[in-house]
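Reader: Before I take any of the labels on trust, I would like to hear what stands behind them. Please show me the model, and then we can go through the terms one by one.
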Amino acid sequence: MKIAVLTSGGDAPGMNPAIRAVVRAGLNSGHEVYGVMDGYSGLVEGNFEKMSRKSVSEILQKGGTILGTARMKDFHNKDVRQIAIDNMRKIGIECLVVIGGDGTYRGAQALTEMGFPVIGIPGTIDNDLAGTDFTIGFHTALDTIVEAIDKLRDTASSHQRCSIVETMGRNCGDLAIMAGLSCGAEFIITQEHKLNKNDLIEKLKVHKSEGRRNAIIVITENITNVHELADEITEKSGFACRATVLGYVQRGGSPSAEDRILAGRMGSFAIDLINNQTFGVAIGVMNSKMIYLPFEEVFQMKNESMEELYQLVSKLS
Ligand code: F6P
């Protein structure tokens, strides 16, 4: 078969190992594999590149995505998707593997509904997709955050300050919870565990009165303006407070061993599914096993929050 592969949405460390796995496992199964540049926009522009073993050599350790990525609003439009399908059919491409997050899966589902065979691989640092325990990129981003918080702890302690650290995650608290747990953060605020400002300030006062030299607050993006929150904490809690927005640094860097292996497994599993003519599904890892579910089912499932880990934070404080 002729297979196309693309990366879409926010890039995530491990996308390159996933591309490599799709290409190599695809070629080893006797398929032809085409890389699509810059996500769905490359499909619409007909920007394809035939891949060889060599075109994916030495990319295992590279962050970002060699295929480029984009967010394409126009792909909501059926006429635009039809152009994408026509472009693929023109060169004989019979199925598509997409690597990305929620928006990427929405595009994949829409193509599936139009009768084009698609397989999804979860690639996003946010870990906000249902149907998988982990998404490719999550663990590398987590390591980046942990390294940053450890550094922030040093300076917060030296200055007897409170440090607010804003992580990415869109609306999902997994990065904040697991980073907070890994770094012994005193407070973790996520969409699932909302901010109660008065409670936070009261607890910080107690913290200060107990003679603690610093406090770390990890908070998911899109909850509040962290710089204003820092000012209010400084004013009311007795702790001088500073906020750090980690931002896009979380999306970069060499993928961790865990993400490289997960990407390899998922990319190769996508080819197994193609060989079995199974399409319209998203790949996941659950209890360490590869699984797949129809896109529709994934959208209907609730992404389990890491409640047990959240509770652990206060048990270990
Ligand atoms: O989906 C990954 C992500 O990094 C989110 O954590 C963040 O909210 C968003 O992408 C940022 O998107 P953009 O790159 O379009 O600014």
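Author: Start with Lys194, which sits in the loop between β7 (187-189) and α7 (197-209). Helices (H or I, at least four residues) and strands (E, at least two) are DSSP runs, numbered from the N terminus. This is a predicted model, in which local features need pLDDT of at least 70, side-chain atom pairs count only at pLDDT 80 or more, and totals for chains, interfaces and linings use all residues. Residues are numbered from 1 along each chain as its sequence is written, and side-chain values use heavy atoms, with hydrogens and water left out.

Reader: Why is Lys194 called exposed?

Author: Its relative accessibility is 59%. Exposed means over 50% relative accessible area, buried under 20%, and partly exposed in between (1.4 Å probe, protein chains only). Lys194 therefore counts as exposed.

Reader: Which of the two is Asn127, buried or exposed?

Author: Asn127, in the loop between β5 (118-122) and α5 (138-159), has a relative accessible area of 2%, so it is buried. Its phi is positive, about 55 degrees, although it is not a glycine. Most residues other than glycine have a negative phi.

Reader: What about Gln277, buried or exposed?

Author: Gln277 has a relative accessible area of 53% and is therefore exposed. This residue follows α9, and its phi is positive, near 60 degrees.

Reader: How do you know that the span of α9 agrees with its number of residues?

Author: The expected span of a helix is 1.5 Å times one less than its number of residues. For the 19 residues of α9 that gives 27 Å, and the end C-alpha atoms are 27 Å apart, so the two agree. Buried residues in α9 include Leu262, Met266, Phe269 and Leu273.

Reader: What makes a residue part of the shell around the ligand?

Author: A residue is near a molecule if one of its heavy atoms lies within 4 Å of it. Arg71, Thr124, Asp126, Met168, Gly169, Arg170, Glu221, Tyr248 and Arg251 surround the ligand.

Reader: What makes the approach of Tyr248 to the ligand a polar contact?

Author: A polar contact is a pair of N or O atoms within 3.5 Å. A polar side-chain atom of Tyr248 lies 2.4 Å from an oxygen atom of the ligand, so the pair is within the limit. For Glu221 the distance from a polar side-chain atom to a ligand oxygen is 2.6 Å, and for Arg71 a side-chain N or O atom is 2.7 Å from one.

Notes: A polar contact is a pair of N or O atoms within 3.5 Å; within protein, one must be able to donate a hydrogen and the other to accept it, and residues adjacent in sequence count only if both atoms are side-chain atoms.
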